[in-house]
Structure formats: structure tokens, C-alpha cells
Amino acid sequence: MRRIAVMTSGGDAPGMNAAVRAVVRTAIQSNVEVYGIRQAYAGLLAGDFERLTSREVSGIIQRGGTILQTARNEEFKTPQGQKRALRALNEHGIEGVIVIGGDGSLRGALALQKLGVPVIGVPASIDNDIWGTDMAIGVDTALNTILDALDRLRDTASSHNRGFIIEVMGRNCGYLALMGGILGGAEIVIIPEHEVSMQEVAQALEDAYLRGKNHAIAVISEGVSYKATDLANFLNQHPVGFEIRLTILGHTQRGGSPTAFDRLLATRMGVEAVQRLLRGETGLMIARSGRDQVALPIEEVTSKTREISKDYLDLAYILSR
Ligand code: ADP
Ligand code: F6P
């Protein structure tokens with residue numbers, strides 16, 4: 001292989017830049033040229049490629065977001081769109097592609113592989129909803145951002161005897177909410193995989209009030225069937241002792257400098273992805289398993305749903321009493 005391309009796709013995640021840097025520097029070591037595809041599959045269709053040398057990726061390991069930018073693109077999901085993408089890759093003499101992104105982006109990678117393009121995927125999404133890898137790039141940083149916010153909100157909550165509802169991201173996956181709740185000391189966690197009713201939330205907050213606490217925290221995942229605003233209204237209509245406030249953390253969870261964990265994870269995965277691509281492997285996603293880096297078929301990864309750990313659900317329950 002003489003020339004490969006790399007893209008970052010889906011929601012940006014802290015550590016994507018560290019992964020791009022690792023990809024570029026590993027390829028250069030093997031005398032392989034690297035092109036960056038700007039704005040993911042949208043840029044692939046538009047032929048928006050830029051040559052990346054070691055210099056373009058210098059000084060980015062600590063930067064959040066993605067220097068290649070990202071996008072969501074519906075056209076690439078169609079057979080016509082995919083043909084245009086294949087043509088753009090051929091026009092630029094690209095012989096292999098590394099896709100850094102979430103579950104949807106990996107489905108796109110699978111589509112490319114089915115067209116005969118050698119592809120390796122690297123899991124990156126703050127949601128941690130990708131099957132097969134213990135952690136995706138960006139999760140650790142987002143979780144630390146959530147904990148920082150929870151700690152701050154508890155300061156103000158306990159000063160005013162208030163209850164806080166805090167909504168966190170995760171799409172349909174409750175990982176960030178569950179871990180944020182356990183590590184941030186929440187009274188109750190509400191996640192799509194294990195929903196509790198608004199009455200149960202009210203009960204948990206009231207129990208905390210009756211135990212004499214001067215604050216209470218409920219962490220709710222955005223994927224739950226009822227909205228955080230509905231829960232806040234419900235709690236205002238069914239008083240639990242605490243005055244209630246609602247904070248939606250939103251996109252603050254996506255930004256920021258990657259933690260040491262995410263920099264290392266992204267760097268190791270980026271290196272491994274290039275090494276495997278250059279060895280002729282394709283259709284695989286790099287995954288973290290314990291302390292090891294492994295590779296799993298993208299087809300398998302995208303056909304399965306990551307489940308929430310029962311151990312962590314139990315921890316959340318035990319520690320909130
Ligand atoms: P994430 O990768 O973070 O899960 P999305 O689900 O939005 O983000 O997917 C990112 C992009 O991947 C989509 O906008 C689309 O261009 C591409 N994609 C998603 N699903 C498919 C699919 N089934 N086939 C081809 N491309 C897809
Ligand atoms: O997949 C990452 C994520 O931040 C999800 O947690 C969230 O549901 C979604 O992306 C938000 O997407 P957008 O940036 O398009 O608002």
C-alpha cells in the first residue's frame with residue numbers, strides 16, 4: 001500500500017485528534033502517504049481530501065474536537081452515494097481507509113469494505129455504546145466532564161437544600177449516566193436500559209430528604225422515554241422536600257482536552273489500525289479488551305447491542321442508600 005486515508009465521523013469525541021496523529025505518524029514510518037478526508041462521508045463524496053504530513057498533526061494530541069471536522073451524511077447510506085465515494089477514492093489513488101467514529105460510522109466503514117475497499121475502524125464516541133470494546137475513545141474525558149459538573153452542582157445544591165436533576169448524553173445508551181451517577185454520588189440514576197418511573201425518582205429524593213441530607217441528585221440519560229423537563233415538572237407538582245432545579249449538560253460533554261486515558265487509548269488504537277491495514281487486514285474494528293488491543297469484525301460489532309453491566313447497576317443501587 002502506498003496511500004491511505006483517514007476520517008473522523010459521527011459526533012466528535014475527545015481523543016479523535018490523538019488517533020489521527022497516531023495514524024499519520026505510523027503510516028509515515030512505513031513510507032505510506034496519508035490523506036485526511038474532511039467532514040467524514042460528506043467530504044468523501046465531495047472528494048475533499050488533504051495530504052497530512054507529520055507537521056499537520058503536530059501539536060494536536062491535547063486538542064478536543066477533530067481537526068478533520070466531522071459530519072453526518074444521508075447520501076452515503078445509498079448505493080449511489082457509495083459508488084460516488086468509491087470513485088473519489090480511486091481518483092485519489094487511495095488504497096485503504098481508516099474510519100474513526102461511532103456505531104453509525106462503523107456501518108459506513110462496513111459499506112466501504114463491501115465495495116472492496118480495505119477498511120479498519122477505530123471506535124470513538126462519548127456514548128460508549130459500541131459493542132465489543134471495553135471503552136471507546138472520548139468516553140473517559142466525557143465522564144470526567146460530567147463528574148466535574150456534578151461536583152459543582154452538588155456544591156450549590158447543598159448550599160440551598162435543593163434537589164438537582166442532571167441530564168447527560170449517551171443517545172440510547174445509559175453508560176455515561178450510570179457511571180456519572182455512581183462516581184458522582186447520585187441518589188438515583190435513570191437510564192434507558194433500566195428505566196424507573198417518575199414516582200420512584202420522587203421516592204428516592206424524598207428518602208434522601210427524610211434521611212436529613214441537604215441535597216439530592218438524580219442523573220437522567222437523554223435516551224429515557226420521558227424528558228428531563230417532564231420529570232422536573234412532576235417533582236414540582238409532587239413535592240419531595242427539596243426545591244428542584246434542572247441542568248442539561250448537553251454538548252459541554254463532547255468538548256475539552258482528552259484525558260491521559262483517552263490520549264493513550266487513541267494513540268494505541270491509531271497505531272494498531274495502520275499496522276493491521278498495512279498487513280492486508282480489512283473489515284475489522286480495533287477494540288480494547290482488558291489491557292489488550294484486539295480486532296473484531298465490523299459486521300459482528302455493528303450487529304450487536306452493547307449491554308449495561310449488571311454489576312454497575314447493583315453498585316449504583318447499593319451506594320445510593
Ligand atoms: P456515530 O458514528 O457517532 O454513531 P451516526 O450514527 O450519525 O454517528 O453515523 C455517522 C455517519 O455514518 C452517518 O451520517 C452516515 O453518513 C454514516 N452511516 C451511518 N449508518 C450507515 C449505514 N447503515 N450505511 C452507510 N453509512 C452509514
Ligand atoms: O453520539 C454522540 C452524541 O453526543 C450523543 O450522545 C447525542 O445524542 C448526539 O451525539 C447529539 O448529536 P448532535 O451533535 O447532532 O446534536
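The second largest pocket of this predicted model holds about 420 Å³ of space. Its lining is made up of 24 residues, and Ile188, Val189, Tyr317, Ser320 and Arg321 lie nearest its centre. Four elements give two or more residues to this lining: helix H6 (175–184), strand S7 (188–190), helix H7 (198–210) and helix H11 (310–319). H11 provides the largest share, seven residues. By class, 13 residues of the lining of the second largest pocket are nonpolar, five are polar and six are charged.

The largest pocket has a volume of about 860 Å³. It is lined by 37 residues, and those closest to its centre are Gly102, Asp103, Gly104, Ser105 and Arg171. Helix H4 (residues 103–114) gives six residues to the lining of the largest pocket, the largest share. Polar and charged residues number 14 each in this lining, and nine residues are nonpolar.

Where does the largest pocket lie with respect to domain 1 and domain 2? Domain 1 (3–138 + 258–301) and domain 2 (141–254) both contribute lining residues, so the largest pocket lies between them.

The table sets out the class make-up of the two linings.

| Pocket | Nonpolar | Polar | Charged |
|---|---|---|---|
| Largest pocket | nine residues | 14 residues | 14 residues |
| Second largest pocket | 13 residues | five residues | six residues |

How values were computed. Residues numbered from 1 in each chain as written. Chains lettered and ligands numbered in written order. Predicted model: local features only at pLDDT ≥ 70, side-chain atom pairs only at ≥ 80, totals over all residues. Heavy atoms only, no water. 1 Å grid on protein atoms, 1.4 Å probe; cavity = no way out; pocket = protein on both sides within 12 Å on 5 of 7 lines; lining within 4 Å. Points joined across faces, edges and corners; volume = space filled by probe spheres on them. Nonpolar A, V, L, I, M, F, W, Y, C, P; charged D, E, K, R; others polar. Domains from an automatic or database assignment.
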